[in-house]
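Work through the exercises below with the sequence and the model at hand. Each task is followed by a solution in steps.

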Amino acid sequence: MSDLDRAKELLQNDCCTCALVCGEKEYLCDKRGIAPLLDFIDRGYNLKNFSAADKIVGKAAALLYVHLGVKCVYTQVLSQYAEEVFRKHRIFFEFGIKTEKIINRSGDGNCPMEQTVLNIDDPVTAIPALRQKLNSLLS
């Protein structure tokens, strides 16, 4: 079984919201949104050559996956903006459903994280902007 297939299996078994696999190493997250990816960055994880499976990937998550160095991503829901990021950075991706944009959790507007990075194309620049937005939403 490939690393991507294993990550997809973990995600589809509902044991996590995000799974990263590289050989025998597996990281599973149960936090929602971009929080797990920011945690990996904060902890200095080297995820180069990992395969990822995630429930929803918008542009914000895509930029963070690029920064983390993953080689491929499967997502159940992919935004067109995330697709553009993956294509630009040559990251292999698979998806269940593609949508124009990611909707916020209450279903009444755009995802604030994707909205925050709509005009940002550099993963390094995206990180502080996303942290600031996340902190403003949590306070």
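**Exercise 1. Aromatic pairs**

How many aromatic pairs does the structure hold?

Solution. The structure, a predicted model, holds six aromatic pairs. One of them joins Y27 and Y45. To describe a pair of aromatic rings, take the distance of the centres and the angle of the planes. For Y27 and Y45 the centres are 4.9 Å apart and the planes make an angle of 80°. An angle over 60 degrees counts as edge-to-face, and the pair of Y27 and Y45 is of that kind.

Next, place the two residues in the chain. Y27 belongs to strand β2 (residues 25-29), while Y45 lies in the loop between α2 (35-42) and β3 (51-57). They are 18 residues apart, and the pair links distant parts of the chain.

Then look at exposure. Y27 has a relative accessible area of 23% and is partly exposed. Y45, at 28%, also counts as partly exposed. Finally, ring pairs link Y27, F40, Y45 and F50 into a cluster.

**Exercise 2. A charge over a ring**

Find the ring over which the charged end of K8 sits.

Solution. The ring is that of Y74. The charged end of K8 is 5.1 Å from the centre of this ring.

**Exercise 3. Helix α2**

Which residues of α2 are buried, and against which elements do they pack?

Solution. First list the buried residues: P36, L37, L38, F40 and I41. Their packing partners are two strands, β1 (18-22) and β2, and two helices, α3 (59-68) and α6 (123-138). F40 also belongs to the ring cluster with Y27, Y45 and F50. Now move past the end of the helix: α2 is followed by G44, which has a positive phi near 70°.

**Exercise 4. Positive phi outside glycine**

Locate N49 and R90, which have a positive phi although they are not glycines, and state how exposed each one is.

Solution. Begin with N49, where phi is about 75°. N49 is in the loop between α2 and β3. Its relative accessibility is 41%, so N49 counts as partly exposed. Continue with R90, where phi is about 55°. R90 sits in the loop between α4 (80-88) and β5 (92-99). With a relative accessible area of 78%, R90 is exposed.

**Exercise 5. The hairpin of β1 and β2**

In which sense do β1 and β2 pair, and over how many bridges?

Solution. The sense is antiparallel, and there are five bridges. As an example, A19 has L28 in β2 as its bridge partner. The hairpin has two residues between the strands, and G23 takes a positive phi near 60° there.

**Exercise 6. A residue of β3**

Is S51 buried or exposed, and which residues does S51 touch?

Solution. S51 is in strand β3. Its relative accessibility is 1%, and the limit for buried is under 20%, so S51 counts as buried. Leaving out residues up to four places away in sequence, S51 touches D3, L4, A7, A19, L20, V21, K71 and C72. Among these, A19 is the bridge partner of L28.

**Exercise 7. The largest pocket**

What lines the largest pocket?

Solution. Start with the space in the largest pocket, about 650 Å³. Its lining has 23 residues. Of these, R32, G33, I34, R105 and C111 lie nearest the centre. Last, sort by element: β3, α3, α5 (112-116) and α6 each supply at least two residues of the lining.

Terms used
Residues numbered from 1 in each chain as written. Predicted model: local features only at pLDDT ≥ 70, side-chain atom pairs only at ≥ 80, totals over all residues. Heavy atoms only, no water. Phe/Tyr/Trp six-rings, centres within 6.5 Å; stacked < 30°, edge-to-face > 60°. Helix = DSSP H or I, 4+ residues; strand = E, 2+ residues; numbered from the N terminus. Buried < 20%, exposed > 50% of the residue type's maximum accessible area, 1.4 Å probe, protein only. Lys NZ or Arg CZ within 6 Å of the ring centre and 35° of its normal. Contact = heavy atoms within 4.5 Å. Pairing = 2+ DSSP bridges. 1 Å grid on protein atoms, 1.4 Å probe; cavity = no way out; pocket = protein on both sides within 12 Å on 5 of 7 lines; lining within 4 Å. Points joined across faces, edges and corners; volume = space filled by probe spheres on them.
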